[in-house]
Amino acid sequence: MKKITIAIDGHSSCGKSTMAKSLAKTLNYIYVDTGAMYRAVTLYALRAGLMDAETKHINAEGLKAQMDKVDITFTHDEAGRMLTVLGGEIVEQEIREMTVSNCVSPIAALPFVREHLVALQQKMGLEGGIVMDGRDIGTVVFPNADLKVFVTASAEVRAQRRLLELQGKGDTTTTFADVLKNVEERDYIDSHREVSPLRKADDALLLDNSNLTIPQQNELLLKWAMDCINA
């Protein structure tokens, strides 16, 4: 069976990572969470004092000078879940917190950050047999991907899903209004940034999962993948 490259793009909090992980596991492919890579850079910038979490001001020159020190890798826990590693430290929980969520889009809009991470992502996918999700996978990272999918859902649905995820991790202070504001702000920044804005590739299949269950979306995505593999 031939191995293909699968690019999954879409808005924040629409379940891209969940469906990409499931598809990669089913196909026995490599999964890469590019969003986690941008979150890791954001965490690095915050920890290094190169970004102010309140004003979102970035010391861009300082961060650019340190990009070679931003060592991002992935590992797995005993249950097989992928974990993001920054400088040898597992930071999966830290990069999912609202502080990072509120700051990641401005970091991701920096051309030198995108150039650095896109090069890493393209290197990961040279051999095929990969499922990668993010904002510009089908348009920039893998413009010749065998299968491109653009995922979306209403902002309200995405905010509710994100809130439940945060509450499941013990967050009792973040409100629905907080998350909805974050989702809408990230949508605007992601789609209006100068470099690699979020957009649906012309040849991408649209998957609106506002009213789909996880099993339903996974079934549809697997069908599309198998149709492509068997074509």
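Q: Are R135 and D190 buried or exposed?
A: This is a predicted model, where local features need pLDDT of at least 70, side-chain atom pairs count only at pLDDT 80 or more, and totals for chains, interfaces and linings use all residues. Residues are numbered from 1 along each chain as its sequence is written, and side-chain values use heavy atoms, leaving out hydrogens and water. Buried means under 20% relative accessible area, exposed over 50%, and partly exposed in between (1.4 Å probe, protein chains only). By that yardstick, R135 and D190 are both buried.

Q: How far apart are the closest N and O atoms of R135 and D190?
A: A salt bridge here is a side-chain nitrogen of Lys or Arg within 4 Å of a carboxyl oxygen of Asp or Glu. R135 and D190 form one, and the gap between their closest N and O atoms is 2.8 Å.

Q: Where in the chain do R135 and D190 sit?
A: Helices (H or I, at least four residues) and strands (E, at least two) are DSSP runs, numbered from the N terminus. The pair links distant parts of the chain, 55 residues apart. R135 is in the loop between strand 6 (130–134) and helix 6 (137–141), while D190 is in helix 8 (residues 176–192).

Q: Which of E165 and R162 is buried?
A: These two side chains meet in a salt bridge (3.3 Å, N to O). They are 3 residues apart in helix 7 (residues 155–168), so about one helical turn separates them. E165 has 36% relative accessibility, so it counts as partly exposed. With a relative accessible area of 6%, the buried one is R162.

Q: What separates D227 and K223 in helix 9?
A: The side chains of D227 and K223 meet in a salt bridge too (2.9 Å, N to O). Because they are 4 residues apart in helix 9 (residues 214–229), the separation is about one helical turn.

Q: How many salt bridges are there?
A: Some join up, with D33, E92 and R96 linked in a network of salt bridges. By the 4 Å rule, the count comes to 12.

Q: Which strands each supply at least two residues of the lining of the largest cavity?
A: A cavity is a set of points on a 1 Å grid over the protein atoms alone where a 1.4 Å probe fits but cannot get out, and lining residues have an atom within 4 Å of a point. The lining includes Y31, D33, M82 and T84. The strands are strand 2 (30–33) and strand 4 (82–86).

Terms used
1 Å grid on protein atoms, 1.4 Å probe; cavity = no way out; pocket = protein on both sides within 12 Å on 5 of 7 lines; lining within 4 Å.
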